[in-house]
Amino acid sequence: MSIPARFDAFRIHNDDAGYRSGIEQVSLDELAPGEVVIEAAHSSVNFKDALAGTGEGRILRRFPLVGGIDAAGHVVRSSDPAFREGDKVLVTGCGLSETRDGGYSRYVRLESKWTVPLPAGLSLREAMILGTAGFTAALALFRMVENRQLPALGPLAVTGATGGVGSLAVSIFSKAGYEVHAVSGKADQHDYLRRLGASEVLGRETLATVRPMESARFGGGLDNVGGPMLASLLAQTAPYGNVASAGLAASAELEATVMPFIIRGVSLLGVASAGTARDIRDAVWQHLASDWKPDRLDDVCTREVELAGLPEVFRLMLAGGSLGRTLVTF
Ligand SMILES: NC(=O)c1ccc[n+]([C@@H]2O[C@H](COP(=O)([O-])OP(=O)(O)OC[C@H]3O[C@@H](n4cnc5c(N)ncnc54)[C@H](OP(=O)(O)O)[C@@H]3O)[C@@H](O)[C@H]2O)c1
């Protein structure tokens, strides 16, 4: 299949003219090297994309780069025989929009070692509604289950519940058989969170406690916001429950005591989706395409934009106004 000499991409620069991003025409030769070229069908918007696209966070390690940490589409060319023209594939993280050009581009060049064949049970669109956010929520559950998180331990709390990772965590955890208590600052979105599978929706004040240990209200949980809410979640977790830390939407700080660890055996698990090993990556995508696939993925996809719509989504996201996932469509 022929690839046009130049095509649209959302590229990020940081040079003498300052930090800036926007749509420009690029050629395949300008993109980071890789064995597989895809024609992108969809990408998505993650918090990290908003940080990278606006310069509010130090995400890119070299400039210029095409933004977008997620990509899904059809293979148009591959020097690796493992992939053939027409194959449907996806990539999340793995250096996209960090050390190499990302998914906000009509054509994306990928390293074959990180290119995942689209699992049976998912469309390209569904794969990008999930994207890094869904992968991160599922990876958190994968790590918790590995560490013996059983539904009988009690409900799982999800903070930042209306956001991308949060909405998908509520959906995935409930699909996997756990009771989910969503923690959200958006009082007008309780119905949305219940529809996704939350049995209770709690305000952020639930996690405003400051004592080293509180009564054990949760079996564990996934934290997307960091700071005092993470410390409070640890203090309210039942014996041998797991708390997965994935985000810093409120704060990168953590001021806590060791009491939950040494008195209750609580575990704090790190979740770093971008660098996940290939075998775990494949196992998590298999769950996402089958037993953990949310029943209401379309409800989580609250917005669909083209490249030109990205700056507005970034602004909303950084202001804490996210609701579900934004899909990028070409
Ligand atoms: N570790 C990883 O691999 C990984 C992967 C993906 C994302 N992340 C991180 O996870 C976090 C969430 O990402 P996302 O893509 O889901 O972002 P998002 O869609 O913007 O969601 C963030 C949510 O956090 C809550 N929030 C925002 N500001 C807050 C504040 N000041 N205090 C308390 N809660 C606040 C809001 O939920 P409510 O209004 O419902 O409370 C918001 O919807 C980000 O920090 C991101 O960097 C990490």
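# Briefing: a parallel sheet, an enclosed strand and some backbone exceptions

G185 is found in the loop that links β10 to α4 (190-196). The model is predicted. G185 is partly exposed, because its relative accessible area is 46%. The C-alpha atom of G185 is separated by 7.6 Å from that of G160, although the two glycines stand 25 residues apart along the chain. β10, on one side of the G185 loop, belongs to an open sheet of six strands with parallel pairing.

**The six-strand sheet**

- The strand order is β11-β10-β9-β12-β13-β14, and the sheet is open.
- β11 (200-203) and β14 (267-270) are the edge strands; each has a single partner, so one side of each lacks a neighbour in the sheet.
- From one strand to the next, the twist averages 20°.
- Strands of a sheet pair through backbone hydrogen bonds, in a parallel or an antiparallel sense.
- β9 (residues 156-159) pairs with β10 (residues 180-184) over four bridges, in the parallel sense.
- Within this pairing, T159 has V183 of β10 as its bridge partner.

**Helices on the sheet**

- Helix α3 (residues 164-175) lies across β9, β10 and β12 (218-223).
- The direction of α3 is at about 160° to β9.
- Helix α5 (residues 227-235) also packs on the sheet.
- α5 touches β9, β10, β12, β13 (237-245) and β14.
- Between the directions of α5 and β13, the angle is about 155°.

**Strand β16 and its partners**

- How many of the five residues of β16 (residues 325-329) are buried? Five of the five are, so the strand is largely enclosed by the rest of the structure.
- Both faces of β16 are covered. R325, L327 and T329 are buried on one side, and T326 and V328 on the other.
- β3 (residues 36-45) runs antiparallel to β16, and four bridges join them.
- On the β3 side, H42 stands opposite T329 of β16.
- β15 (residues 301-305) pairs with β16 in the parallel sense, again over four bridges.
- On the β15 side, R303 stands opposite T326 of β16.

**Helix α1 and what follows**

- The buried residues of α1 are D49, A50, L51, A52 and G53.
- These buried residues pack against strands β1 (7-15), β2 (18-26) and β3, and against helix α9 (310-318).
- β3 thus appears in two settings: its bridges to β16 and its packing with α1.
- G55 follows α1 and has a positive phi, near 85°.
- Further on, P64 lies in the loop between α1 (47-54) and β4 (65-66).

**A buried threonine in β6**

- T92 has its place in strand β6 (residues 88-92).
- Is T92 buried or exposed? T92 counts as buried because its relative accessibility is 2%.
- Leaving aside residues up to four places away in sequence, T92 touches I69, D70, M128, G131, T132, F135, R281 and W285.

**Backbone exceptions**

- Most residues other than glycine have a negative phi, and most peptide bonds are trans.
- The peptide bond joining F63 and P64 is cis, with omega about -10°.
- R148 is not a glycine, yet its phi is positive, near 65°.
- R148 lies in the loop between α2 (124-146) and β9. With a relative accessible area of 67%, R148 is exposed.
- Y240, another residue that is not a glycine, has a positive phi of about 65°.
- Y240 is found in a strand, β13. Y240 is exposed, because its relative accessible area is 61%.

**A nonpolar surface patch**

- Which residues form the nonpolar patch on the surface? They are V258, M259, I262 and I263.
- Together these four have about 380 Å² of accessible area.
- V258 is found in the loop between β13 and α6 (259-264).
- V258 counts as partly exposed because its relative accessibility is 49%.

Terms used
Residues are numbered from 1 along each chain as its sequence is written. This is a predicted model: local features need pLDDT of at least 70, side-chain atom pairs count only at pLDDT 80 or more; totals for chains, interfaces and linings use all residues. Side-chain values use heavy atoms; hydrogens and water are left out. Two strands pair if DSSP finds at least two bridges between them. Axes are lines fitted to C-alpha atoms, for helices over the stretch in contact, and angles run from 0 to 180 degrees between N-to-C directions. Contact means heavy atoms within 4.5 Å. Patches are made of residues with over 30% relative accessible area and no salt bridge: like charges are joined within 9 Å, nonpolar side chains (Val, Leu, Ile, Met, Phe, Trp, Tyr) within 5 Å. Accessible areas come from the Shrake-Rupley method with a 1.4 Å probe; for residues, only the protein chains shown count as cover. A salt bridge is a side-chain nitrogen of Lys or Arg within 4 Å of a carboxyl oxygen of Asp or Glu. Buried means under 20% relative accessible area, exposed over 50%, partly exposed in between (1.4 Å probe, protein chains only).
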